[in-house]
Amino acid sequence: MGIYAKLILPRLIELAMGNERLAGYRQQTIGVAHGLVLEIGVGSGLNLPLYAAAVDRVCGIDPSSELLDRAREQIANACVPVSLVRASAEQLPFTVAAFDTLVMTWTLCSIPNPSAALHEMRRVLKPGGRLLFVEHGLSPEPRIIRWQHRLTPFWKRIGGGCHLDRKMDDLIRAAGFRLDALETSYMKGPKPWTFMYQGSATR
């Protein structure tokens, strides 16, 4: 791994994810988590202080050891027990039906094989368990879609594998989840980066 990927990229990702405009999305998404929670792409642990008493424990996974080191610094600020595991979402090291809730916040855009990851998530979620998510992705506007397709090959090289042009609700449904709630809108900012998908789905 080069110096950029190993040292600079995790810091840039942490800076981007710390944007104050994302805080409301985080709180709304995480506020309904309960029981044993698996957070996919825990990153530097920005969500960890937001989990409340309805959560028994959070297990956070991420493929980046550098980001996990930063997440460990957040454990002291969490109100619930936290464990961190270095792992890929495409190969989750957990048994079938182990978790009550799954959480993803701006994660699915950067997973190399999102379909495989979502099938793994469904495998480890209990029947009736919920996937809570907020993601950015494909816009409904043809003009913006064209820009997203053009920009993604460059953007994923500098943005930790982030794709601008994934249609998140279709990916979630295709993995066998039942989509219970979905809100879509643009966040303030350049449209190719800011079309948000927020909602929940059930196994």
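1. Contact is taken here to mean heavy atoms within 4.5 Å. On that basis, and with neighbours within four places in sequence set aside, isoleucine 40 is in contact with Ile61, Ala89, Leu92, Val103, Met104, Thr107, Ile111 and Met121. The model under discussion is a predicted one, and the points below should be read with that in mind.

2. Isoleucine 40 also belongs to the broader picture of the interior, since it is named among the residues with the most contacts inside the largest nonpolar core, which has 33 residues; the others so named are Leu38, Ile61, Leu118, Met121, Leu131 and Phe177. Two or more residues of this core are given by each of strand E1 (35-40), strand E2 (55-62), strand E4 (99-105), helix H4 (114-124), strand E5 (125-136), helix H6 (168-174) and strand E7 (195-202). Helix H4 supplies the largest share, four residues. A second core, separate from this one, has 16 residues and includes Ile30, Val42, Tyr51 and Val103. As general background, nonpolar side chains tend to be buried together in soluble globular proteins.

3. The strands form an open sheet of seven, in the order E3-E2-E1-E4-E5-E7-E6, and the pairing is mixed. The edges are taken by strand E3 (82-86) and strand E6 (178-186); each has a single partner strand, so one side of each is left without a neighbour in the sheet. Averaged over neighbouring strands, and with direction ignored, the turn of one strand against the next is 15 degrees.

4. Strand E1 deserves a closer reading. Five of the six residues of E1 are buried, so that the strand is mostly covered. E1 runs parallel to E2, to which six bridges join it, and it also runs parallel to E4, here with four bridges. Residue by residue, valine 37 stands opposite valine 58 in E2, and leucine 38 stands opposite cysteine 59 in the E2 strand. Towards E4, glutamate 39 has valine 103 as its bridge partner, and Val103 is among the residues included in the second core.

5. Helix H3 (residues 65-72) packs on the sheet, where it touches both E2 and E3, and its direction makes about 170 degrees with that of E3.

6. Glycine 41 lies in the loop between E1 and E2. Leaving aside neighbours within four places in sequence, this glycine is in contact with Ile61, Asp62 and Thr107; Ile61 and Thr107 are also listed among the contacts of isoleucine 40. Between the C-alpha atoms of glycine 41 and tyrosine 25, which are 16 residues apart along the chain, the separation is 16 Å.

7. The structure holds five aromatic pairs. One of them joins tyrosine 25 and tryptophan 106 in an edge-to-face arrangement, with 6.1 Å from centre to centre and 85 degrees between the planes. Tyrosine 25 lies in helix H2 (residues 23-30) and tryptophan 106 in the loop between E4 and H4, so the pair ties together parts that are 81 residues apart in sequence. Both of these residues, tyrosine 25 and tryptophan 106, are buried.

8. A further pair is that of phenylalanine 195 and tyrosine 197, whose ring centres are 5.3 Å apart and whose planes stand at 90 degrees, so this pair is edge-to-face. Phenylalanine 195 counts as buried because its relative accessibility is 7%, and tyrosine 197 is likewise buried, with a relative accessible area of 3%. Ring pairs link these two residues with Tyr186 into a cluster made of Tyr186, Phe195 and Tyr197. Tyrosine 186 has, in addition, lysine 191 lying over its face, at 4.8 Å from the ring centre. Elsewhere, arginine 150 lies over the face of tryptophan 147, at 5.1 Å from the ring centre.

9. Two backbone values may merit a reviewer's attention. Most residues other than glycine have a negative phi. Against that background, alanine 97 has a positive phi, near 55 degrees, and tryptophan 106, which is not a glycine either, has a positive phi of about 55 degrees. Alanine 97 is placed in the loop between E3 and E4 and, at 26% relative accessibility, counts as partly exposed. Tryptophan 106, in the loop between E4 and H4, counts as buried at 9% relative accessibility.

Technical notes: Residues numbered from 1 in each chain as written. Predicted model: local features only at pLDDT ≥ 70, side-chain atom pairs only at ≥ 80, totals over all residues. Heavy atoms only, no water. Core = buried A, V, L, I, M, F, W, Y, C linked by side-chain atoms within 4.5 Å. Buried < 20%, exposed > 50% of the residue type's maximum accessible area, 1.4 Å probe, protein only. Pairing = 2+ DSSP bridges. Axes fitted to C-alpha atoms, helices over the stretch in contact; angles between N-to-C directions. Phe/Tyr/Trp six-rings, centres within 6.5 Å; stacked < 30°, edge-to-face > 60°. Lys NZ or Arg CZ within 6 Å of the ring centre and 35° of its normal.
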